[in-house]
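Here are a few exercises to work through with the viewer open. Try each task before you read its solution.

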Amino acid sequence: MEDDDLLFLRQEKVKKYEEFVDRRLKPDLVHAISQRDKVFEQQKIFSDLQRNIENLERNGVTSLHSLVNLGSEVYVQADVPDARHVFVDIGLGFHVEFTWLEALDFISNKEARLESQAEEYTRTIASIKAQIKLVCAGIQELLQIPAE
């Protein structure tokens, strides 16, 4: 083979590797980060709920008066005559009425599952980043560029 043929083959391989990074690995990375961020948001919601329930319990609050967001930052006043029960979003649009103790138990279990999911997404993100670095190193080698 001639030098021109070798150069062409290298350029084709580089192009395929770059397309793999751009069309597969980078979108996978963005998706994994987005999913992990959603898990982090859920963790915050359940942590806030746990803290609020514990504050209600600690202060012996059995009824309350509150502003409720109806959406689009529209609020109405609400009276809750019996705050000893709460409705918790358990997923898929379902809400279950719990006592404070039941809700705290559910939250504890849910937080453990969310922590596990966050760790899995973190491992996936690290793996994808490692794959991107590996492919980039392969491209450098094909182009005979010294490593940085």
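**Exercise 1. Salt bridges**

Task: How many salt bridges does the structure hold, and which residues do shared partners join into one network?

Solution:
- Start with the total: this predicted model holds 6 salt bridges.
- Now go to helix α1, which spans residues 3–58. The side chains of Lys 44 and Asp 48 meet there at 2.7 Å, N to O. With their positions 4 residues apart in the numbering, Lys 44 and Asp 48 are separated by about one helical turn.
- Asp 48 also pairs with Arg 51, this time at 3.2 Å, N to O. Because Asp 48 and Arg 51 are 3 residues apart in helix α1, about one helical turn separates them too. Arg 51 is partly exposed, at 42% relative accessible area.
- Away from that group, have a look at Arg 84 and Asp 82: their closest N and O atoms are 2.8 Å apart, which makes a salt bridge. Arg 84 is partly exposed at 46%, and Asp 82 is partly exposed at 31%.
- Put the shared partners together and you get one network of Lys 44, Asp 48 and Arg 51.

**Exercise 2. A lysine without a partner**

Task: Is Lys 110 buried or exposed, and how far away is the nearest side chain of opposite charge?

Solution:
- Find Lys 110 in helix α2, residues 100–143.
- Check its cover: Lys 110 is buried.
- Look for a partner. The nearest side chain of opposite charge is Asp 89, 7.5 Å away. A salt bridge needs N and O within 4 Å, so Lys 110 has none.
- See what does touch Lys 110. Skip the neighbours within four places in sequence, and the contacts are Phe 46 and Ile 90.
- Then bring in the annotation: an unreviewed UniProt entry lists residues 104–131 as a "coiled-coil region". In the model, that span is 100% helix and 0% strand, and its end C-alpha atoms lie 40 Å apart.

**Exercise 3. A nonpolar patch**

Task: Which residues make the nonpolar surface patch of about 310 Å², and which elements give two or more residues to the patch?

Solution:
- List the members: Val 68, Leu 70, Val 74 and Val 76.
- Map them onto elements: β1 (64–71) and β2 (74–80) each give two or more residues to the patch.
- Test one member. Val 76 sits in strand β2, and at 34% relative accessibility it counts as partly exposed. Patch residues need over 30%, so Val 76 passes that cut-off with its 34%.

Conventions: Residues numbered from 1 in each chain as written. Predicted model: local features only at pLDDT ≥ 70, side-chain atom pairs only at ≥ 80, totals over all residues. Heavy atoms only, no water. Buried < 20%, exposed > 50% of the residue type's maximum accessible area, 1.4 Å probe, protein only. Lys, Arg positive; Asp, Glu negative; His and termini not counted. Contact = heavy atoms within 4.5 Å. UniProt positions renumbered as here; feature names shortened; annotations may be inferred. Patch = residues over 30% accessible without salt bridge, like charges linked within 9 Å, V, L, I, M, F, W, Y side chains within 5 Å. Areas by Shrake-Rupley, 256 points an atom, 1.4 Å probe, with all protein chains shown as cover.
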